[in-house]
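Trainee: I've got a model open and a pile of terms I'm not sure about. Can we go through them one at a time?

Mentor: Sure, have a look at it first.

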Amino acid sequence: MTKRKALVVYGGMELHTPREGAEVVRQVLEEHGFAVQVTDDYDALGADDVGSNALVVPVITDGVLEPEKMARLIAAVQAGTGLAGYHMGLATSFRASVPFRYAASCYWVSHPGNIISYQVDVTRPDHPIMEGIEPFEHTSEQYYLNYDPAVEVLATTTFSGEFHPWRRNVVMPVVFTTTHGEGRVFYSSLGHTADELEIPNLRLILTRGLLWAAGAL
């Protein structure tokens, strides 16, 4: 049986430990039978055969991809390649690319208070990504996003207003899914650094989200 292929591309701000995070993603996918390519070469996202991957995972803060290569990536997603990211991946990746922003379905704009403790509330306990996960407290950056109203929100957080009073009681997605053409898109704002991905709830959400986006869950 041919293994599903996945492409994991990392880079950008070292504060986000992208290489280490990419290795976590590799480990998760290899444990579930994927053949995984991990690289820091952004051009791999725009390769002629990028559409042969069941899943593409950018672990990238910002970055630039030539428009024609970005067009190949987006065409692959629209044709059925899954797209998944956590924290900076998707939300901050390729900020200047409108086609990527449309596919990613979210854009990071702030994390009031920086590293704080906040509540994650499960809104879709019936979804296979969130099944069996109870609400939990997490200490990290609480991401404030601009996001596509078409997403299916699976978990949320509520901003207290302690740091930005004008955003008191705003409910924000933490985990969501959507589609872009035929491609499945998964995003979780959890996981500021790779070590956070070892926290059981975060690891489980990431694992299930990656599999869901690849059509394996």
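Mentor: This is a predicted model. Let's begin with the second largest cavity: its lining has six nonpolar residues, one polar and no charged ones.

Trainee: Which residues line the second largest cavity?

Mentor: Tyr86, Ser188, Leu190, Leu197, Leu202, Ile205 and Leu206 do. Tyr, Leu and Ile count as nonpolar, whereas Ser is not on that list and so counts as polar. About 40 Å³ of space lies inside this cavity.

Trainee: What makes a space like that a cavity and not a pocket?

Mentor: A 1.4 Å probe fits in a cavity but cannot get out, while a pocket is open. The structure holds two cavities of 30 Å³ or more, and the largest has a volume of about 50 Å³.

Trainee: And how does the lining of the largest cavity divide by class?

Mentor: Into four nonpolar, four polar and one charged. The lining residues are Pro112, Ile116, Gln142, Phe159, Ser160, Gly161, Glu162, Phe163 and His164. Glu belongs to the charged class, and Gly is put with the polar ones.

Trainee: Back to the second largest cavity. Which helix gives the largest share of its lining?

Mentor: Helix H5, residues 200–213, with three residues.

Trainee: How do you know that the length of H5 is close to what is expected?

Mentor: H5 has 14 residues and reaches 20 Å from its first C-alpha to its last. At 1.5 Å a residue, 20 Å is expected, so the two values agree closely. After H5 comes Gly215, with a positive phi near 75 degrees.

Trainee: Why is H5 called mostly covered?

Mentor: Buried means under 20% relative accessible area, so that's the test each residue has to pass. In H5, 11 of the 14 residues are buried, among them Leu202, Ile205, Leu206 and Trp212.

Trainee: What do the buried residues of H5 pack against?

Mentor: Helix H1 (18–31) and several strands, including S3 (55–60), S4 (82–86) and S11 (183–188).

Trainee: What about Ser189: why is it called buried?

Mentor: Ser189 has 2% relative accessibility, and the cut-off is under 20%, so Ser189 counts as buried. You'll find Ser189 in the loop between S11 and H5. Leaving aside neighbours within four places in sequence, Ser189 is in contact with His87, Tyr143 and Val174.

Trainee: And Gln119, why is that one called partly exposed?

Mentor: Its relative accessible area is 37%. Buried would need under 20% and exposed over 50%, so Gln119 falls in between. Gln119 lies in strand S6, residues 115–122. Not counting residues up to four places away in sequence, Gln119 touches Pro135, Phe136, Glu137, Thr156 and Thr157.

Trainee: Let's zoom out. How many helices and strands are in the protein chain?

Mentor: Five helices and 11 strands.

Trainee: What makes the chain as compact as a globular protein of that length?

Mentor: Its radius of gyration is 16 Å, and the globule rule gives 17 Å for 217 residues. Those values are close, so the chain is as compact as a globular protein of that length. Along its principal axes, the C-alpha trace spans about 50 × 35 × 30 Å.

Trainee: How much of the whole chain counts as buried?

Mentor: 55% of the 217 residues. As for contacts with a separation of 6 or more, 71% of them are between residues 24 or more positions apart.

Conventions:
Residues are numbered from 1 along each chain as its sequence is written. This is a predicted model: local features need pLDDT of at least 70, side-chain atom pairs count only at pLDDT 80 or more; totals for chains, interfaces and linings use all residues. Side-chain values use heavy atoms; hydrogens and water are left out. On a 1 Å grid over the protein atoms alone, a cavity is a set of points where a 1.4 Å probe fits but cannot get out, and a pocket is an open set with protein on both sides within 12 Å along at least five of seven lines; lining residues have an atom within 4 Å of a point. Grid points are joined across faces, edges and corners, and a volume is the space filled by probe spheres set on the points. Helices (H or I, at least four residues) and strands (E, at least two) are DSSP runs, numbered from the N terminus. Buried means under 20% relative accessible area, exposed over 50%, partly exposed in between (1.4 Å probe, protein chains only). Contact means heavy atoms within 4.5 Å. The radius of gyration is taken over C-alpha atoms; the globule rule is 2.2 Å times the number of residues to the power 0.38.
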